[in-house]
Protein chains: 4
Amino acid sequence: VTTARLEAFSDNVFTIAATLLVLNIAVPPLTSRQGLASALGHEWPSFVAYALSFATIGIIWINHHAMVRRLKAVDHTVHILNLALLMTVGILPFTTALMATYLKSGHGEHLAAAIYAGSFLVMGIAFQVMQRHVALRKTDLLAVELTDAERRAIVNRSALGLPPYLLATVIAIISPYATLALCGLLAAFYALPRTTADRRCA
Amino acid sequence: VTTARLEAFSDNVFTIAATLLVLNIAVPPLTSRQGLASALGHEWPSFVAYALSFATIGIIWINHHAMVRRLKAVDHTVHILNLALLMTVGILPFTTALMATYLKSGHGEHLAAAIYAGSFLVMGIAFQVMQRHVALRKTDLLAVELTDAERRAIVNRSALGLPPYLLATVIAIISPYATLALCGLLAAFYALPRTTADRRCA
Amino acid sequence: VTTARLEAFSDNVFTIAATLLVLNIAVPPLTSRQGLASALGHEWPSFVAYALSFATIGIIWINHHAMVRRLKAVDHTVHILNLALLMTVGILPFTTALMATYLKSGHGEHLAAAIYAGSFLVMGIAFQVMQRHVALRKTDLLAVELTDAERRAIVNRSALGLPPYLLATVIAIISPYATLALCGLLAAFYALPRTTADRRCA
Amino acid sequence: VTTARLEAFSDNVFTIAATLLVLNIAVPPLTSRQGLASALGHEWPSFVAYALSFATIGIIWINHHAMVRRLKAVDHTVHILNLALLMTVGILPFTTALMATYLKSGHGEHLAAAIYAGSFLVMGIAFQVMQRHVALRKTDLLAVELTDAERRAIVNRSALGLPPYLLATVIAIISPYATLALCGLLAAFYALPRTTADRRCA
C-alpha cells in the first residue's frame, strides 16, 4: 500500500507538470497585425518545447515506474529523495516556458537553453541518487532478489543519460538550437523500442 | 499493476486537460462598458468550446478505458504510443482556446477551427495507432482471447471516427461554424446509449 | 475495476476543480497605493468564494463517493451522466471567479451571484439525474440489494438540496449577499455530523 | 475502499497544490532592460518559495499518509476534517506567491511573511485536529490496536511542529527573512532521516 501511494503521488506530479506545459502556449492576441498562421508559425519554439518536455517527462515517468515497481516497501529516505526528484519535475513548466520565450529573442537565449537542458540534468541526477539508494544501499526494500551485478547494471543504466544532458547544457554556450536538437535526440532514443538485452537489466 | 499505473497516468492527463479548459473562460473585465449579461453573451464561443472539448475528452477517455481494460500487460511500445496519444490530449486546452478566441474575430477563424477539429483528428489517429498495436500486433498483451474477426472489428470501430473529424477539419475552409456543429454532432453521437450489437464488439 | 476507474477519473476532476480555485485569488499588485493589509481586505470576496466553493465541491465529492460505492458495475449511460456531472463541476472555478470579481463592483453583481448559485443548482440536478439512473432505473448495477423504499429514500435525499439552491439562485435578484449566505449555510449544514437516522439511508 | 478514496482525493490536492506552485515563477519579460541572468537573480524569492512550499507540502503529505494508513474506516467527521485540512493546503500557492512577491518590495513584506508562515501554522492546526479525532476520539476507526500511551504519543508528535510555526509567524514582525529561514530549517528537520525511537511511535 505504501509503494502504491508513493506511486500515485509521483504519477500526479509527473502528469500535472506535463499537462501544465500547455499553458505556456499562448493564443496569439486578436490585435496582432500579422495573420494567425504567421503568428502561430513564429511561436514554433513553444510547440517544440511542449512536445520535447512532455516526451521527456513521459520517459522519466516510465523509468520511475520501473524503479518503484522493484520496491516492496518505502522508508523515510526514499520518500524524501522522491520528493526531491518530484521538485525537479515540478519546475519543468517554468524552464520550458523560459526556453521557449527566449530562444529567438536575440538576448538571454544561451542562458535560457542552458537552464532548460540543465533542469533535465538536475532531474536525471535526482533520479540517479534515488536509484542508487534503493538499488545499492537499501536492498532490503527490493521486492525481487537481485545479484550485485544486476543491481549495479540498473544504476549504471540510469547514469547513462547524465553525460548527454550535461553536454546539452554546456553546448548552449555555442548554440541553443544544438541544445534543443540534442534533447530531442535523447527523447527519441529513449522512446525507441528496447532490445531484449536492454530489457533484461531494466 | 503495470496496466493500473498506465491507466492512472492516462486518467490524470485526460482529467487535467479537461479541467484546465475552464481557465480559457475569462471573467469579463470590470471596466467593460457593456453590461455583464451582454459581455457573457459575447463570450458564448468559450462556453460552447468548453462543453465540446470536455465532452470529447470524456468520450476518448471512455474509449481509452475500454482499450486498456483489454490488456493484461504493457510493453515499452505501448507506453510510448500512449504517451504520444496523451500528448495530443494535453494540447487540447490550447486548440480549444484558439478556436474560442478567433471564432468571431473576422480573421483567422477558418484556420483556428481547422486546427481545433484537426487536433481531435490527430488525437483520433494516435488512438487508432495504439489500438492497432495492441489489438492486431501485440495480441499476447490481451487479457481475454479474441478471435481475429473480433480484433479487427475493434480496430475498425476505432477508425470510424476519423473520416468525420477529417471532414470537420476540411469544412473549416467553408465555415468554422460548420466545423463546430459537426464536432458537436460527433460528441452527441458517441454519448448516445449504445445498442447491444455495438456493445458486443466493444 | 471499471467502477474504480470511474471513481479515479471523477476524483481527479473534483480535486483539480477545487485546487484551481486558488488561482482566482490574486496577489495584490506591488504598485497598488493602498497597503497590503487593506488590499487583501478588499479582496475578501475571493477568500470567501474560495472556501465556499472548495467546501461545496468537497461535499458533492463525499456524496458522489457514497453513490458510486453502491455500484458494482458501470454502463455507458452511467459514464455519460457522470461526464455531464463532472462538466458542471469543472465550470465552478469560472463561476466562482465571476462571483468574487463582481460581488462588490456595483454592476452585474446580481447576475454573477445568480450564476454562482445557479452553477451549484445545475450540479445538483446533474447529480440527481445520475442518482435516479443508478438507484431507480438500473438497479442491476447496484452492489448491495436495496428495497424499493431504500432506493427511493436515497433519491429523495439527493433531491433535498435542490430547492435551497434554487432559492439561493432566485434570491440573487434581491441581494447577492443573501445568495452567498445561503450557500454558506447549505455547506455548513452538509458538513454537520450526521445523525444515525440519516446514515441508515445514506 | 473508503480509506483508499480519501487517500486518492487527498493525494490529488497535495500534488496539484505542489505542482501549481511553479505557475508563480514568472518568465522575465523579453522587454526587461536588465539581462536574463540578472532578472532571474532578482527573482530568487520565487525560487526559494517554490522549493520551501513544495518541501513543506511533501512533508505534510508523508505525515498525512502515516495518519490515514492507521485507519481502517472513515466516518463523516473524518471526511469533513480532512476537507478542512485540504482547504488549508489548497491555499498555499496563493500565500507562497504573496510572500515571494512582497519579500523584497519594501512594503507589506512583514505581513506577507506572517501570512506565509501563518498558512503553514493553520495547516498544522487542521492536521492536529484531524489527528486528535482519529487517534483519541474515534479509536474504533483505527486499523491497528494501540495503547493509550501510543495514541497520545502520536498526537503529541503532530503537535510538536506548531510552536515553531507560530514563532515563524510572529517573528515576521521583526524580519521576514527570519521567517523564511525558520520555515526552511523546519522543512530540513522533517526531511532528516528519522531515528528508530521516532519511528517506533510514528
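**Chains B and C.** I superposed chain C on chain B in this predicted model. A turn of 90° and a shift of 0.0 Å along the axis lay chain C on chain B, with an RMSD of 0.0 Å. That is how a four-fold axis relates its copies. I then looked at the contacts between the two. The copies use different surfaces. Of the contact residues of chain C, 12% recur in chain B.

**Helix 7 of chain A.** Next I took the helix at residues 148-159 of chain A. Helix 7 has twelve residues. How far does helix 7 reach from its first C-alpha to its last? I noted 17 Å, close to the 16 Å expected at 1.5 Å a residue.

Which residues of helix 7 of chain A are buried? I listed R151(A), I154(A), V155(A) and S158(A). I looked down the helix axis to see where they point. The buried residues of helix 7 of chain A fall within an arc of 90°, so they line one face of the helix. An α-helix has 3.6 residues a turn, so residues three or four places apart point the same way. I also checked what lies over these buried residues. Helix 6 (109-137) of chain A is included in their cover.

**Cysteines.** I looked up C183 in two chains. Is C183(B) buried or exposed? C183(B) counts as buried because its relative accessibility is 0%. C183(C) is at 1% relative accessibility, so C183(C) counts as buried too.

Last, I counted disulfides, taking sulfur pairs within 2.5 Å. Over all chains the count comes to zero.

Terms used
Residues are numbered from 1 along each chain as its sequence is written. Chains are lettered from A and ligands numbered from 1 in the order in which they are written. This is a predicted model: local features need pLDDT of at least 70, side-chain atom pairs count only at pLDDT 80 or more; totals for chains, interfaces and linings use all residues. Side-chain values use heavy atoms; hydrogens and water are left out. Buried means under 20% relative accessible area, exposed over 50%, partly exposed in between (1.4 Å probe, protein chains only). Copies are superposed by least squares on the C-alpha atoms of residues with pLDDT of at least 70 in both. Contact means heavy atoms within 4.5 Å. Helices (H or I, at least four residues) and strands (E, at least two) are DSSP runs, numbered from the N terminus. The expected span of a helix is 1.5 Å times one less than its number of residues. The arc is that of the directions from the helix axis to the C-beta atoms.
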